[in-house]
Amino acid sequence: MDSPYSDILLKHHRSPVNAGDPMQMPVQKSARNRSCGDSVTLGIEYDESNQRIKSIVHHAEGCMLCRASASILCLVVQNRNLDEIQELRSYVDEVCSIGNPDKSPQLPTFLSVEHSHHLESLLEVRKYPTRYKCVKLAWSAITTF
């Protein structure tokens, strides 16, 4: 049976980037979707100025989209400052908006081509509006201050 999801999302689900024990990191941030049981905990180490992510790991439980999104988050936020993380979060929010599904949001210009492809794979969720919360969960956790 073919999957409705891209190879990129399936790869992140099967072999997540920076999956690990968040409790071993100096800062933990969590989010949970009580209606379905999805949960994400991020472990973050900031640089000396507390303005840039030096290292990040995640522990995600739940559906494939929740786990894949947490993995993509860990890939694209590494070495990013807080303003860039907010811009990435805004992109994900726009991907998961109810607006025109044919209109693609503008990718942040600071991303590499590879990272852009990974983040763009989240556009597939537009086929499944009921799954927006799954994609946004990790992004909600990282932007809680």
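**Note on the predicted single-chain model**

1. Of the 145 residues in the chain, 48% are buried (buried means under 20% relative accessible area, exposed over 50%, partly exposed in between, with a 1.4 Å probe and protein chains only). This is a predicted model, in which local features need pLDDT of at least 70, side-chain atom pairs count only at pLDDT 80 or more, and totals for chains, interfaces and linings use all residues. Numbering starts from 1 along each chain as its sequence is written, and side-chain values use heavy atoms, with hydrogens and water left out.

2. Secondary structure: the chain has 5 helices and 3 strands, in the order α-β-β-β-α-α-α-α along the sequence. Helices (H or I, at least four residues) and strands (E, at least two) are DSSP runs, numbered from the N terminus.

3. Overall dimensions: the C-alpha trace spans about 45 × 30 × 25 Å along its principal axes. The radius of gyration is 14 Å, which agrees with the value near 15 Å for a compact globule of 145 residues (taken over C-alpha atoms; the rule is 2.2 Å times the number of residues to the power 0.38).

4. Contacts: among those with a separation of 6 or more, 62% join residues 24 or more positions apart. Contact means heavy atoms within 4.5 Å.

5. Surface and charge: the chain exposes about 7,600 Å², and carbon and sulfur atoms supply 49% of this area (Shrake-Rupley method, 1.4 Å probe; for residues, only the protein chains shown count as cover). The 16 positive and 17 negative charges have mean positions 6 Å apart. Lys and Arg count as positive and Asp and Glu as negative, while His and the chain ends are not counted; the charge is placed at NZ of Lys, CZ of Arg, CG of Asp or CD of Glu.

6. Helix H2 (residues 64-77): 13 of its 14 residues are buried, so that H2 is mostly covered. The end C-alpha atoms of H2 are 20 Å apart, in agreement with the 20 Å expected at 1.5 Å a residue (1.5 Å times one less than the number of residues). Just after H2, Asn79 has a positive phi of about 70°.

7. Backbone in the loops: most residues other than glycine have a negative phi. Asn18, not a glycine, has a positive phi of about 60°. Asn18 sits in the loop between helix H1 (7-14) and strand E1 (27-32), and counts as partly exposed because its relative accessibility is 30%. Asn50, also not a glycine, has a positive phi of about 60° and lies in the loop between strand E2 (39-46) and strand E3 (53-61).
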